[in-house]
Every structure is written in C-alpha cells, then in structure tokens.
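Student: Please take a close look at one part of this model, the place where the ligand sits. What surrounds the ligand, and which polar contacts does the ligand make?

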Amino acid sequence: MRTTAALTFAHKLLARTLGPGRVAVDATAGNGNDALALAGLVAPDGVVHCFDIQAEALEKTRKRLEAAGLGHLARYHAAGHEAMLSRLPRAHHGRVAAAVFNLGFLPGGDEAVITRPKTTLAALDAASAVLAPDGGIAVVCYTGHPGGADETEAVAAWCVNLPFHAWRAARYELVNKPGCPIIAFFVERRSET
Ligand code: SAM
C-alpha cells in the first residue's frame with residue numbers, strides 16, 4: 001500500500017470527528033486500507049459505506065475488514081462514488097462524520113482505471129451534501145499518473161470555490177519531498193459564525 005504522509009495526516013484529522021456509532025464513507029475502497037482505518041474508528045456499532053467501481057477492490061476491502069473482525073460495519077456499493085446521494089440511506093444524509101477520497105488507481109491493479117475529475121467533483125458535491133454538522137472530507141490526490149495533475153487541479157478549484165461563510169478548506173503537501181507531489185485537501189463545515 002502507498003502509506004503517505006498525506007494519508008496518515010488525513011486519517012489523524014478524520015479521527016477527531018469519528019467515534020463509536022458514527023457513519024463514515026470510503027469513496028474509493030481500493031485495497032481497503034482506508035476502510036479498515038475508518039471501521040476501527042466507528043466500531044463497535046458504526047457504519048462505513050465503501051464505494052468502488054471495481055469488484056476486485058470491493059472484494060479486497062471485504063476480506064480486509066472480515067479479517068479484522070469489522071466486516072459487520074461495512075456496506076458495499078458496487079458503484080461510482082458520484083452515486084453517493086442515491087446510495088446512502090436517507091437516514092444517513094446529514095450524518096456522515098467523515099468521507100475519504102483516496103484518488104487515482106488501485107495499487108497492484110489496473111492502472112488505467114482511475115478516478116476522473118467529472119465524477120470526483122460530483123461525488124465531492126454529494127459528500128458535502130450528506131456531511132454531519134461536525135463532519136469532514138479528506139481528499140488525497142496523486143499527481144504522478146496520467147490525468148492525476150489535472151484531477152488535483154480540479155479538486156483544488158472545487159475547494160477554493162467553497163463559500164467561506166460555510167466551509168473551511170485546507171491543503172496539506174510535503175514541500176521538500178522529491179518526485180510527484182501527493183496533496184491532501186481537508187474540508188469541514190464552519191460551525192462558528
Ligand atoms: N482507499 C484505497 C485503499 O485504502 O487501499 C485506495 C484507493 S485507490 C488509490 C483508488 C480507487 O478508486 C481504485 O480502486 C479505483 O477502482 C477507484 N475508483 C475509480 N473511479 C471510481 C469512482 N468513480 N467511484 C468509486 N471508486 C472509483
């Protein structure tokens with residue numbers, strides 16, 4: 001797995017709002033690392049909605065969670081994350097404490113199957129619509145694969161355009177790391193006036 005500083009930081013930030021019984025979304029299940037972290041935080045009685053367009057990814061995620069004894073917490077959606085609004089039960093709208101988008105391709109899988117700006121932005125709109133008042137969204141973007149830099153720019157623009165009276169959006173990047181930057185964005189509702 002690509003454990004990056006950005007991802008570790010994303011998990012730490014989201015851990016602030018997650019806890020037993022809460023609802024989380026893994027918008028890109030992949031190999032199940034993020035889903036496992038989310039499930040550990042919402043156990044013993046929370047829910048993690050896992051989205052992926054690849055059956056292989058959902059199966060890997062299911063095995064990871066089952067092996068950890070956390071399989072009962074997961075709801076699997078063999079669908080693009082852009083379908084989040086219709087896939088999440090109405091009772092979970094407004095109750096999502098954390099949503100993680102770990103973009104790009106499935107490590108160890110088909111590198112041609114990647115997240116794409118149009119569907120990623122539609123899914124970010126959906127995630128922001130179902131977020132709890134104290135909820136947060138983490139988006140980890142990779143710039144090293146074809147299309148990755150464009151998608152990162154699109155996500156950055158989406159964050160920048162969030163109205164400041166309602167949202168706080170931040171960017172995390174290791175500026176001294178050689179190679180292609182991995183950039184994480186964090187979005188949370190502003191509760192103060
Ligand atoms: N979170 C994963 C983990 O912990 O191992 C890594 C995710 S991987 C970097 C990106 C995943 O996004 C791939 O598994 C890919 O199939 C998935 N993906 C691509 N387009 C998608 C879409 N529209 N909706 C949901 N998942 C998508």
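Tutor: What follows goes from the ligand and its contacts outward to the pocket and one nearby topic, a cis peptide bond.

The model is predicted, and every distance and area below is computed from it. There are 23 residues around the ligand, and those that come nearest are Thr28, Asn31, Asp34, Asp52 and Gln54. By class, this shell consists of eleven polar, eight nonpolar and four charged residues.

Three polar contacts can be described atom by atom. At asparagine 31, a polar backbone atom is 2.8 Å from an oxygen atom of the ligand. Asparagine 33 also uses its backbone: one of its N or O atoms lies 3.0 Å from a ligand oxygen. With glutamate 82 the side chain takes part, as one of its polar atoms lies 3.1 Å from a nitrogen atom of the ligand. The ligand taken alone exposes 600 Å², and the protein buries 97% of that area.

The ligand occupies the space of the largest pocket. This pocket holds about 470 Å³ of space. Its lining is made up of 31 residues, of which Thr28, Asp52, Asn102, Gly104 and Thr115 are the closest to the pocket centre. Thr28 and Asp52 are thus named both here and among the residues that come nearest to the ligand. Sorted by class, the lining has 14 nonpolar, twelve polar and five charged residues.

Helix 2 (33–42) and strand 2 (47–52) each give the lining of this pocket at least two residues. The loop between helix 2 and strand 2 contains proline 44. The peptide bond that joins alanine 43 to proline 44 is cis, with omega about 10°.

Note on methods
Residues numbered from 1 in each chain as written. Predicted model: local features only at pLDDT ≥ 70, side-chain atom pairs only at ≥ 80, totals over all residues. Heavy atoms only, no water. Near = heavy atom within 4 Å. Polar contact = N/O pair within 3.5 Å; in protein donor to acceptor, adjacent residues only side chain to side chain. Areas by Shrake-Rupley, 256 points an atom, 1.4 Å probe, with all protein chains shown as cover. 1 Å grid on protein atoms, 1.4 Å probe; cavity = no way out; pocket = protein on both sides within 12 Å on 5 of 7 lines; lining within 4 Å. Sits in = over half its atoms within 2 Å of the grid points. Nonpolar A, V, L, I, M, F, W, Y, C, P; charged D, E, K, R; others polar. Points joined across faces, edges and corners; volume = space filled by probe spheres on them. Helix = DSSP H or I, 4+ residues; strand = E, 2+ residues; numbered from the N terminus.
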